[in-house]
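I opened this model to make a short set of notes on its helices, their packing and the pocket. The entries follow the order in which I looked things up.

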Amino acid sequence: MYMFGPVYITKLVLLSMLLGSALLLLQHSSSGMQRPFCGNDSIMRGLIFTIIFQNPTTSFYLLPFPISIPAWAIAALLLGLDFISMNTASFGGISASYLMLHYIR
């Protein structure tokens with residue numbers, strides 16, 4: 001992710017905010033009011049999934065656990081939590097990271 005430079009990260013953050021806000025607006029117009037903090041996940045999901053999409057065989061060390069956790073397991077956990085909580089803004093960040101890696105550079 002850092003090999004593309006700071007402009008790449010800036011574009012990723014802006015696209016994550018745009019897609020996350022659009023999906024949150026779509027959900028708000030169809031089902032009512034969402035939690036006010038719900039849109040903040042799109043930027044973090046975009047950054048995390050960019051690392052995961054670039055190298056899915058990598059592993060992460062989470063601070064409380066001294067073991068390495070595979071990236072695909074973290075991705076599955078995050079996606080599962082987003083599906084359970086219906087956090088549509090985070091799907092904007094995930095789709096932004098996919099678009100930035102495969103179509104927009």
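**Entry 1. Helix H1.** I began with what the buried residues of H1 pack against, and found H2 and helix H4 (88–102). The model is predicted, and I read every value below with that in mind. The buried residues of H1 are Tyr8, Leu12, Leu15, Ser16, Gly20 and Gln27. H1 covers residues 6–31, which is 26 residues. From its first C-alpha to its last it reaches 37 Å, close to the 38 Å expected at 1.5 Å a residue.

**Entry 2. The chain as a whole.** I then stepped back to the element list. The chain has four helices and two strands. Read from the N terminus on, the elements run α-α-β-β-α-α. Of the 105 residues, 31% count as buried. I also looked up how contacts spread along the sequence: among those between residues at least 6 apart, 67% join residues at least 24 apart.

**Entry 3. Helix H4.** I asked myself which helices the buried residues of H4 pack against. They pack against H1, H2 and H3. The buried set in H4 is Thr88, Ala89, Ser90, Gly92, Gly93, Ile94, Ala96, Ser97, Met100 and Leu101. H4 has 15 residues and reaches 22 Å from its first C-alpha to its last, close to the 21 Å expected at 1.5 Å a residue.

**Entry 4. Where H1 and H4 meet.** I picked Ala22 on the H1 side, since I had Ala22 placed in helix H1. Its relative accessibility is 43%, so Ala22 counts as partly exposed. The C-alpha atoms of Ala22 and Gly92 are separated by 7.9 Å, with their positions 70 residues apart along the chain. Gly92 is among the buried residues of H4.

On the H4 side I took Thr88, which lies in helix H4. At 14% relative accessibility Thr88 counts as buried, because the cut-off for buried is under 20%. Leaving aside neighbours within four places in sequence, Thr88 is in contact with Leu23, Leu24 and Gln27. Gln27 is one of the buried residues of H1. I also noted the C-alpha to C-alpha distance from Thr88 to Leu26, which is 9.1 Å, for residues 62 apart in sequence.

**Entry 5. Ser90 and Arg45.** Next I looked up Ser90, also in helix H4. Ser90 has 0% relative accessibility and counts as buried. Not counting residues up to four places away in sequence, Ser90 touches Asp41, Ser42, Arg45 and Asp82.

I followed the contact to Arg45, which is found in helix H2. Is Arg45 buried or exposed? At 12% relative accessibility, Arg45 counts as buried. With residues up to four places away in sequence not counted, Arg45 touches Leu78, Asp82, Ser90, Gly93 and Ile94. Asp82 therefore appears in both contact lists, that of Ser90 and that of Arg45. 

**Entry 6. The largest pocket.** I turned to the largest pocket, which holds about 160 Å³ of space. The residues lining it are Ile48, Ile51, Phe60, Leu62, Ile69, Ala73, Ile74, Leu77 and Leu78. By class, the lining has nine nonpolar, no polar and no charged residues. Helix H2 (41–54) and helix H3 (71–85) each supply at least two residues of this lining. Which helix gives the most to the lining? H3 does, with four residues. Leu78, one of the lining residues, is also among the contacts of Arg45.

**Entry 7. Aromatic rings.** Last, I searched the whole structure for aromatic pairs and found one. The rings of Phe49 and Phe53 have their centres 5.7 Å apart and their planes at 55 degrees, so I logged the pair as tilted. Both residues lie in helix H2, four residues apart, about one turn of the helix. I checked the accessibility of each. Phe49 is buried, with a relative accessible area of 2%, whereas Phe53 is partly exposed, with 31%.

Notes. Residues are numbered from 1 along each chain as its sequence is written. This is a predicted model: local features need pLDDT of at least 70, side-chain atom pairs count only at pLDDT 80 or more; totals for chains, interfaces and linings use all residues. Side-chain values use heavy atoms; hydrogens and water are left out. On a 1 Å grid over the protein atoms alone, a cavity is a set of points where a 1.4 Å probe fits but cannot get out, and a pocket is an open set with protein on both sides within 12 Å along at least five of seven lines; lining residues have an atom within 4 Å of a point. Grid points are joined across faces, edges and corners, and a volume is the space filled by probe spheres set on the points. Ala, Val, Leu, Ile, Met, Phe, Trp, Tyr, Cys and Pro count as nonpolar, Asp, Glu, Lys and Arg as charged, and the others, Gly among them, as polar. Rings of Phe, Tyr and Trp (its six-membered ring) pair if their centres lie within 6.5 Å; planes under 30 degrees apart count as stacked, over 60 as edge-to-face and the rest as tilted. Buried means under 20% relative accessible area, exposed over 50%, partly exposed in between (1.4 Å probe, protein chains only). The expected span of a helix is 1.5 Å times one less than its number of residues. Contact means heavy atoms within 4.5 Å.
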